[in-house]
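I record here what I looked up, entry by entry.

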Amino acid sequence: MRSVCPYCGVGCGIVLEVSGNRVVKVTGDKQHPTNFGRLCTKGNTCAQAIAESGRMEYAFKRLSRGREPVRLGILDAIRETAKRFRSIMDEHGPDALSFYVSGQMSLEAQYLINKLAKGFIRTNNIESNSRLCMASAGSGYKLSLGADGPPGSYQDMDRTDLIFVIGANMADCHPILFLRVMDRVKAGAKLIVVDPRRNATADKASLFMQIKPGTDLTLLNGLLHLIVKNGHADSAFIEEFTSGWEAMSAFLEDYPPDKVAEITGIPEADIRQAAAWIGEAPEWMSCWTMGLNQSTHGTWHTNAICNLYLATGKICRPGSGPFSLTGQPNAMGGREMGYMGPGLPGQRSVLVEEERQFIERLWNLPPRSLRTEVGTGTVSMFQSMQAGDIKACWIICTNPVATVPNRKNVIAGLQAAEFVVTQDAFFDTETNRYADMMLPGALWSEAEGVMINSERNLTLAQKAVDPPGEAMPDWEIIARVACEMGFSDAFAYESSAEVYRELQQAWNPKTGYDIRGASYERLRETPVQWPCAPSSPNDRNPIRYLNDGISQSLKEAEDGSRPRLVFPTPSGKGVFLARPFLPPAEMPDPGFPFVLNTGRLQHQWHTMTKTGKIPTLNKLNPGPFVEIHPEDATTLGIEDKGRVEVRSRRGYAVLPAVVTDRVRPGNCFAPFHWNDVFGANLAINDVTNDAIDPISFQPEFKYCAVSLVPVPSSLPLRRWSLPSGSGWTACLPECSPAPILRMVPRHRVLMDQARW
């Protein structure tokens, strides 16, 4: 059975071997255009979490807050959820309801929850965890190029001459795609890596630029300054295909290489070398992700990268282009379905009258049904819940108590809400502990649905096994709740394929978004990359905006002539935007003198509801830590593996130290995977800053001021074996009574503060 990996946005194809309603083996799909059979450790082991104990097989309800949940029949749970939502809506209005969803949901589920919220409940209080990772890239693309999403594809990596990676640790976070990059490097391409931390990607760089955190805009502007000074700007391209260049010349004078070196901490010679390589490269591409997006200037970062491409003319051509890397397996699809803020299906917005009217016709709604009042992102949604303006929240396939910065506001919001529903495949998560109703969702292998990866490639995740107990696919639970709320005329679907056929009608000639040619029948045979019109013979459509903005013929690009580009901006041209360097929202001071950066590790995933159950992965990335430079460790009296309190103005975490020169002096780094389920004071998002980008509303995870204080050693530890042959071990203080073990799920570990 062919399917797609459920982890990162690379979107690797997999083949499932099934026996007795159980996936017994996973291999890479050698025919899939993303990975050609390669899989990382997470992909290779993805089946092990499907049937692991800890699945939420039935619905559960808390009779009162603070009590243990009791089992409830799934249909009764759906009816009660719908009744409570309807009652709150009727009493307090539609904006008393909210929805927080996920880039791990299928396209069909993402479409339906947005249709229910905006079209029928008539609230725009719907947010996604994509707000935490990809919102700035999306808003930046829209401002610079007119529409969200990369203009190119993974295929550019196979023929480029230079790869510029900034704010992305591809080796750890997108490992199969990084193998593709390394294949090209071995063939002679250069690799430039920019990051505050010398990570696994930096280890392979032709040129590593260890930048001071938060100074990326200065570097990007400085590179463009030198590209122009070196004569590497394409004046003919600028004249024909761009607007706004007239403001750039004076602006760039503020970014000479000596000043850029002083601000960024990068040697001037390296800055000049990078600019020369970029300017001289016949083709070059950029890859970036959270290191740029998770900033109060994240949108500007994408604008500055696009400026480099508009200036050099190396865009919408094979081997070149600005390519944002997506974090989740279907975050690209969710952005296309409009599941954040004002979004509507097909890359539309409730703020544009003609686009509202299109969706109202698609959903058979009366004119002016869609409302134009919109929220300001994930952070403000939970603040509104805390203030009592939002009374109910439905959280699907995500874990905001662990993942949102300054998470105490999320916890306070859930505690203040009248009714909290969580929909998850696993029982014990940090967020489920605050739920009044828990609905059991099927996993990716237990239902059909389309997933779209970073390069706009659609893969059909085919159903391989039945879900356990009474678990249902996300799309079906959403549709059933909608029907019980009184919207059955619009939500009486019999299959995910029926939902998909409806959402295909949301194609958008303005942006080139079109998946009409990618039917379920076709996707059972092969993945398809949009834009894909019904008559399109091609499975791969790698470059956008050529010719009429929709056609993907590469003839002009391949034969060396200049294709006519039409960007979906008002002028039809790419837009230069002068984006000055500004400091992060919170700077170090004597009380909090260090800069904290957070991120992922290679072998764990998000909050570990899946990977935390897989022994192989837990051996490879066994526990949390904070990386501290040796100079800082010596000054503070911190020893390697010794416990450290990492404290900000918002909260603190206690983590074991890893003393390493991979981080700069004055900086520290901690992964965000480990949280309350694994032990006390492990949640780094108690510490992180929830200041937001004013355009994208994406929070600034990557920079906050902290103090580092060594913590005395804990009591001696006694090792306990967990029951049922799980192979897991809990490390508890010597004096801990046995009842503590009953608080730890059988498939989890309460960790020693230093190591498992």
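I began with a surface patch: Leu351, Val352 and Val374 form a nonpolar patch with about 210 Å² of accessible area together. Patches take residues with over 30% relative accessible area and no salt bridge, joining like charges within 9 Å and nonpolar side chains (Val, Leu, Ile, Met, Phe, Trp, Tyr) within 5 Å. A salt bridge is a side-chain nitrogen of Lys or Arg within 4 Å of a carboxyl oxygen of Asp or Glu. Accessible areas come from the Shrake-Rupley method with a 1.4 Å probe, and for residues only the protein chains shown count as cover.

I noted that this is a predicted model, in which local features need pLDDT of at least 70 and side-chain atom pairs pLDDT 80 or more, while totals for chains, interfaces and linings use all residues. Residues are numbered from 1 along each chain as its sequence is written, and side-chain values use heavy atoms, without hydrogens and water.

I located Val374 in the loop between α15 (353-362) and α16 (378-387); helices (H or I, at least four residues) and strands (E, at least two) are DSSP runs numbered from the N terminus. Val374 counts as partly exposed because its relative accessibility is 34%, where buried means under 20%, exposed over 50% and partly exposed in between (1.4 Å probe, protein chains only).

I turned next to Asp148, in the loop between α4 (135-145) and β8 (162-166). Asp148 has a relative accessible area of 8% and is therefore buried. I found Arg335 among the residues that Asp148 touches, leaving aside those up to four places away in sequence; contact means heavy atoms within 4.5 Å.
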